[in-house]
Structure formats: structure tokens, C-alpha cells
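Biologist: I should like a close look at a single part of this protein. Please describe one helix in detail, together with its surroundings.

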Amino acid sequence: MDQEYIAQTALDQMVGTDQGQLLKALIPYFPPRQQQFLSVFAKARELSNTVALFTKPSEAIQIQAAAAPAQPLEVINDLRRYCFGDIRKTLDQITNMMTMAEMLRMMNEPSPEDNCEEERQ
């Protein structure tokens, strides 16, 4: 598997375990029938942990709620850490387009020198 490291989301960190990660890492080394069983088992444990996490009324659980509205480019760059393959390439293309649009906007803004010349006339 030649994939770049992908960060875990806050939810994955809360519902996952080291044993679960180890189990998922071992799955490719088992025969197909065991791979299927172990995959379902690992995901079922994560689902069980997720349900348990959100059914604890005494604990205030928040998944890093943003204090201030994030800028679109910040959101895209944050999401990129959790993606790979085509989705990551698409996010990179969106980032590049947004950067180019910002550069064009800045180039089309009148410069302070232009404002001074208009005032003199």
C-alpha cells in the first residue's frame, strides 16, 4: 500500500482504538473469508463505540466546533488531510482555482497610485 499518511478525524480518534487499528492493519494478511469477517467485526466495534459515545447524557461531547466561521480555503485544506486519491486531487484543483481567482481579483483592484492620479485630475 503506497498511500501517504492520512490523519484521523476527531470522530475516528474518539471511537477508534489501538487494537482496532491493529486489527484493520492485519486484515490484508488473512484469506478472503477471514478478511470479510474481520472487516465487518472492526467496523461493528467502531459503530458500537460511536453509539456509546453519543448516548452518554452526562458528558458534554463536541467534535471541535469551530469558534468562528472558517474561510473556504481553510476548510478545504483541513479536509485534504483526511483524503487521498481522486478526492484529494479534486480538492487540490479547487484550491488552485480559488488561489487564481484571488490573484485575479487583486490584479483588478485599483492601486493606491491610480487613486492618487484620479484625485489630481
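**Helix 3 and its surroundings**

Modeller: The model is a predicted one, and its accessible surface comes to about 10,300 Å², with 58% of that area belonging to carbon and sulfur atoms. The protein contains 6 helices and 0 strands, so that a reading along the sequence gives α-α-α-α-α-α. Of the 121 residues, 12% are buried. Among contacts with a separation of 6 or more, 50% join residues 24 or more positions apart.

The part chosen here is helix 3. It has 23 residues, and the distance from its first C-alpha to its last is 33 Å, close to the 33 Å expected at 1.5 Å a residue. Leu38, Ala42, Glu46 and Leu53 are its buried residues. The cover over these buried positions includes helix 1 (10-15) and helix 2.

One of the buried residues carries a charged side chain that has a partner. Glutamate 46 has a relative accessible area of 17%, and it is buried because this value falls under 20%. Its side chain meets that of lysine 43 in a salt bridge, with 3.4 Å from N to O. Both residues lie in helix 3, 3 residues apart, which is about one turn of the helix. Lysine 43, by contrast, is partly exposed, with a relative accessible area of 49%. The protein has 6 salt bridges in total.

Helix 3 also holds an aromatic pair. A search of the whole structure finds 1 such pair. The ring centres of phenylalanine 37 and phenylalanine 41 are 6.2 Å apart and the ring planes stand at 15 degrees, so the pair is stacked; the cut-off for stacking is an angle under 30 degrees. The two phenylalanines, 37 and 41, are 4 residues apart in helix 3, about one turn of the helix. Phenylalanine 37 is exposed, at a relative accessible area of 56%, whereas phenylalanine 41 is partly exposed, at 37%.

Before helix 3 in the sequence comes the loop that joins helix 2 (18-26) to helix 3 (32-54), and tyrosine 29 is placed in this loop. Tyrosine 29 has 70% relative accessibility and therefore counts as exposed. Together with Leu22, Leu26 and Phe30, Tyr29 forms a nonpolar patch on the surface, and these residues have about 450 Å² of accessible area together.

For comparison, salt bridges also occur outside helix 3. Arginine 80 forms one with aspartate 92, and the closest N and O atoms are 2.5 Å apart. This pair links distant parts of the chain, with arginine 80 in helix 4 (residues 72-80) and aspartate 92 in helix 5, 12 residues apart. Both partners count as partly exposed, arginine 80 at 27% relative accessibility and aspartate 92 at 26%. Within helix 5, glutamate 102 and arginine 105 meet in a salt bridge of 2.4 Å, N to O, and they are 3 residues apart, about one turn of the helix. Glutamate 102 is partly exposed at 34% relative accessibility, as is arginine 105 at 41%. Elsewhere, salt bridges with shared partners join Lys24, Lys43 and Glu46 into one network, which brings the account back to helix 3, where Glu46 and Lys43 both lie.

Methods:
Residues numbered from 1 in each chain as written. Predicted model: local features only at pLDDT ≥ 70, side-chain atom pairs only at ≥ 80, totals over all residues. Heavy atoms only, no water. Buried < 20%, exposed > 50% of the residue type's maximum accessible area, 1.4 Å probe, protein only. Contact = heavy atoms within 4.5 Å. Areas by Shrake-Rupley, 256 points an atom, 1.4 Å probe, with all protein chains shown as cover. Patch = residues over 30% accessible without salt bridge, like charges linked within 9 Å, V, L, I, M, F, W, Y side chains within 5 Å. Salt bridge = Lys/Arg side-chain N within 4 Å of Asp/Glu carboxyl O. Expected span 1.5 Å × (residues − 1). Phe/Tyr/Trp six-rings, centres within 6.5 Å; stacked < 30°, edge-to-face > 60°.
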